[in-house]
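Colleague: Before I rely on this model at the bench, I would like to go through a few of the terms used for it and see what stands behind each.

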Amino acid sequence: MTVYFDVASTAPLHPVARQALTAALDEGWADPARLYRSGRQARMLLDAARETVAGVLGARPDEIAFTASGTQAVQLGVLGALAGHRRRGAHLVHSAVEHSSVLHVAEKHEAGGGTVSVVPVDRAGRVEPAGFAGLLRADTALAVLQSANHEVGTVQPVGEVAALCREADVPLLVDAAQSVGRVDVPAGWSLLTASAHKWGGPPGVGVLAVRKGVRYASPLPADEREGGRVPGYVNVPAIVAAAASLRAVRAEAEQENARLHALVERIRTRVPQLVPEVEVVGDPVRRLPHIVTFSCLYVDGEVLLTELDRAGFAVSSGSSCTSSTLTPSHVLAAMGVLTEGNVRVSLPYGTDPADVERFLTVLPELVAGVRAPLGLDLPAPGVRTETPPRAEGRAGAESDERQATDEGGSAGAKSVGAGLERPEASGRVTVIDALGKRCPLPVIELAKRIGEVAPGGTVAVLSDDEAARLDIPAWCGMRDQEYLGEAPAADFGGDRGSAYLVRRTT
């Protein structure tokens, strides 16, 4: 049977949710807005569910509205808060690692004439509160910050940011989809969103909480249901099941979090020891207890996930919301870490330690199998090499090398681009043509060839894959090489794309 390690995408239905859903289908099927007996019964169930959710979130029941999903809750929350504060201005601030639902709303807001500022994160994926506050302005209508990241598990300093937003009189929307039910809800929020299927409730139930006194104007036509914030008929049985499972997981959280934290810590420690050229990403301390993410050099994440699936493990790669596209994960890109070969493991409640041990047993074999055809001479697990890995002999037809000199108007130092350092020593640049190849192939070609370059020499990798702009600098950071920057590929004989310049330092 497949071992499910992807609760950050969606959690299995909690047994309590299943029981509550079955009962509510019989007792709460009627319209809760009607006055006859079955309608009143449905209303009583809905009110009880609202009180339960409000209690967990630290809110009043009348501050809670149920939506059709967590994404809809985010969209309504952001657009409603912006509309409610339109007299103040049209400036929106959010972190670079927010869920795609926030990014899409920000794009819509900007297309409609609003302005957006994006707060950068450090290599662990965490915002700096002072940096966040520095982007708040007199016309800032709303700030958005997730409670914890959905791809790497890093917990954000919501309390500190909330205090700074309060000083600036700016409302803060907290996307708590990954943390609600698992850890305490952070204080200081003005609006908060969550999603039931993340904590073991049924899909199709989101939560939008708006504090009393926070200006909010629905971006949709008026409707009398859910306090006028969310139009349409409510799914009472699903909401009842969501509330029941939320109460159940909170009761289990303290014990289960300690257990899962230990299992995740084992994965974080053992994977770099078992698999060469791996980087565990995300904050090692300020993180959710059940998520661990690592990136494997020279590995296509989709291929590795397929092999893990065949071995009986369901995990994810990159963002669960963008993995079906060819776009690199915006979270990993913002962190400046490798975007290819990325594996996210998120453990459900009740995870058997034996399953984690089996995962650690099969992973090294699968990664080695994916890398085997590449001809890379990799170091032993957990060992750093003095020189980058290289293949025996030359890269062959996979990499068309050309030599360019500094003289005679050729692609030498002047091609490196404004603000970048001049290639040293003989002025010769080894050019690797990786045009038309998707990552990780450009990185693999770089790894194969840089060992043939003398220390101090420069390699120009030509690539038209957007991921190369992210992964080549990340590779340099992992392999202790110097990334010089980017230049037009045309300066090095390419007909499209960019040249990514690397100086060999070791």
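Colleague: What makes E9 and strand E10 count as paired, and in which direction do they run?

Modeller: Strand E10 (residues 291-296) is joined to E9 by 4 bridges, and the two run antiparallel; pairing asks that DSSP find at least two bridges between two strands, so the definition is met. Within this pair, glutamate 279 stands opposite serine 295 in E10. Strands here are DSSP runs (E, at least two residues), and helices likewise (H or I, at least four), numbered from the N terminus.

Colleague: Why is H8 called oblique to H10?

Modeller: The axes of helix H8 (residues 301-310) and helix H10 (residues 353-371) cross at roughly 135° and come within 10 Å. Angles under 35 degrees count as roughly parallel, over 145 as roughly antiparallel, 65 to 115 as roughly perpendicular and the rest as oblique, which makes H8 oblique to H10.

Colleague: Which residues of H8 meet H10?

Modeller: Val303, Leu304, Glu307 and Leu308 in H8 meet residues of H10, among them Phe359 and Leu363, where contact means heavy atoms within 4.5 Å.

Colleague: How confident is the predictor, by average pLDDT?

Modeller: On a scale from 0 to 100 for each residue, the protein averages a pLDDT of 88, whereas pLDDT stays under 50 over residues 384-426. This is a predicted model, in which local features need pLDDT of at least 70 and side-chain atom pairs count only at pLDDT 80 or more, while totals for chains, interfaces and linings use all residues. Residues are numbered from 1 along each chain as its sequence is written, and side-chain values use heavy atoms, leaving out hydrogens and water.

Terms used:
Axes are lines fitted to C-alpha atoms, for helices over the stretch in contact, and angles run from 0 to 180 degrees between N-to-C directions.
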